[in-house]
Amino acid sequence: MTLITKEYCQELDNNDVIAHTQQEFTLPKDTIYMCGNSLGPMPKNAMAKAQEVVEQEWGKSLITSWNVHGWFNLCQSLGDRLAPTIGADAGEVVVTDATGLNVTKVVAAGLRLNPTRKKVVMEGSNFPTDNYVVQGLLELMNDDYELVFAEEDELYDVIDESVAVVCLTQVHYKSGRLLDMKAITERTHAVGAISIWDLCHSGGALPVDLNGCNVDLAIGCTYKYYNGGPGSPAFVFMAKRHQGKVQQPLTGWWGHAAPFAFERDYRPSENIDQMLTGTQGIISLAVTGVGIDITASTDMNEIRKKSQAMGDLFIQLVDQECSEFGFEVISPRDAARRGSQVALTHFEGYAIMQAMIAHGVMGDFRAPDTLRFGLTPLFLTYLDVWNAVAQLKDIMVKQTYKEAEYNKKHAVT
Ligand SMILES: *Cc1c(COP(=O)(O)O)cnc(C)c1O
């Protein structure tokens, strides 16, 4: 194999057809930000948007903003802007609430679409909040509902005629493994179950084709690959064919068929509005739109191509430069089976990541031993990848990670 050089990485940058999107973001100098899979960085226009919403809209237009500045329709209008990036149509997506809340809505709706069955299948090693909220939901339903955990290699055995709902995360938060949405959804439908996908690590990272795969319901967040800001609202997809057929349980007034009729009893809207619950954090919602628009105006296929190339480059460079230090690549080496991050394991992983962050390369750590590096095409360069691995090598050669300050535990890793 030919040696990869810094000049070669520079050459890749020179030929990068989406290099222009880097100008849309502000990052501190001397920082290589590889946490875009966890908290996307700030788009330059976010500040102006926040100022406009606070100063002009809230400050001057006050309550009339609900109409004149489109606040009341913002969940739907942002959903329509996001929809093409996940293969959904207008009127099938709303941006609202936290991912966990939306998981509750879609799993409950899925169970109601399949009322004679009681079993939900999820992946036990999934990001825990999805599993936790479904455990809470099934407990509340106080019936003989059952949550069955299965890992990737067990899914086909578990998805059978007894299953009501299959709820899976397309890209695994730790390993970056990408599931075959089309094949699994086909299998799910073949046994008469409802297919729900969590797109937290795939929405905005790769072209998702919900309608092409005939998915029933989906959710995902916007603060990762959509760069919506800390705690920015999540999104919910409900295929048109299901809208108005069943009710979700968080039946607040925003999901009512006529919110301003103030009727005594709940009556669900028959379109995607039925996935709404109540008044949203408009400032955060408005700022989220800035990030969504950057992604939506960039060719998702080009985003995917660069993301795969950067992941391959990162892995090749770790092999080339860091082979003697005991790292293991736990992400799939085949780019077609990987999302937009590469995870390494090392028994000193925590301290190594602390040292990396102190030296300007921000990745994150997931217990007990996983170092995650987000390879996000909108703002990273191939040269960043080169420099990040060079830094990793330097820390390992000099054993910088052994210093006491890199071994102190913090609340958020
Ligand atoms: C990031 C992530 C979440 C986040 O949930 P919140 O409700 O926003 O805290 C949920 N599920 C998965 C799979 C995630 O990756």
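Trainee: Where does Asp97 lie in this model?

Mentor: Good place to start, and bear in mind that the model is predicted. Asp97 lies in the loop between β4 and α5.

Trainee: What is the sign of phi at Asp97?

Mentor: First the general idea: most residues other than glycine have a negative phi, and most peptide bonds are trans. Asp97 is not a glycine, yet its phi is positive, about 55°.

Trainee: And which residues does a cis peptide bond join?

Mentor: That bond links Ala367 and Pro368, with omega at about 0°. To find Pro368, go to the loop between β14 (364–366) and β15 (370–374).

Trainee: Let's turn to the sheet. In what order do the strands come?

Mentor: In general, strands of a sheet pair through backbone hydrogen bonds, either parallel or antiparallel. Here 7 strands form an open sheet with mixed pairing, and the order is β4-β10-β9-β8-β7-β5-β6. β4 (93–95) and β6 (146–149) stand at the edges with a single partner strand each, so one side of each has no neighbour in the sheet. On average, neighbouring strands are turned by 15° against each other, ignoring direction.

Trainee: How many bridges join β4 to β10?

Mentor: There are 3 bridges between β4 and β10 (residues 235–238), and the two strands run antiparallel. If you want a pair to click on, Val93 has Phe237 in β10 as its bridge partner.

Trainee: Which strands does α6 lie across?

Mentor: Helix α6 lies across β5 (119–122), β6, β7 (163–169), β8 (194–198) and β9 (217–220), and runs at about 155° to β6. Helix α8 (residues 181–190) also packs on the sheet, where it touches β7 and β8. The direction of α8 makes about 150° with that of β8.

Trainee: Now the ligand. Which residues come nearest?

Mentor: There are 13 residues around the ligand, and those coming nearest are Gly100, Asp130, His201, Tyr223 and Lys224. By class, this shell has 4 nonpolar, 6 polar and 3 charged residues.

Trainee: What distances should I look at for polar atoms, say at Tyr223?

Mentor: Try three pairs. A polar side-chain atom of Tyr223 is 2.6 Å from a ligand oxygen. In the side chain of Asp198, an N or O atom is 3.3 Å from a ligand nitrogen. For Thr99, a polar backbone atom lies 3.4 Å from an oxygen of the ligand.

Trainee: How much of the ligand's accessible area does the protein cover?

Mentor: The ligand on its own has 390 Å² of accessible area, and the protein covers 85% of that. The elements giving two or more residues to the shell are α5 (99–113) and α6 (128–141).

How values were computed:
Residues are numbered from 1 along each chain as its sequence is written. This is a predicted model: local features need pLDDT of at least 70, side-chain atom pairs count only at pLDDT 80 or more; totals for chains, interfaces and linings use all residues. Side-chain values use heavy atoms; hydrogens and water are left out. A residue is near a molecule or strand if one of its heavy atoms lies within 4 Å of it. A polar contact is a pair of N or O atoms within 3.5 Å; within protein, one must be able to donate a hydrogen and the other to accept it, and residues adjacent in sequence count only if both atoms are side-chain atoms. Accessible areas come from the Shrake-Rupley method with a 1.4 Å probe; for residues, only the protein chains shown count as cover. Helices (H or I, at least four residues) and strands (E, at least two) are DSSP runs, numbered from the N terminus. Ala, Val, Leu, Ile, Met, Phe, Trp, Tyr, Cys and Pro count as nonpolar, Asp, Glu, Lys and Arg as charged, and the others, Gly among them, as polar. Two strands pair if DSSP finds at least two bridges between them. Axes are lines fitted to C-alpha atoms, for helices over the stretch in contact, and angles run from 0 to 180 degrees between N-to-C directions. Contact means heavy atoms within 4.5 Å.
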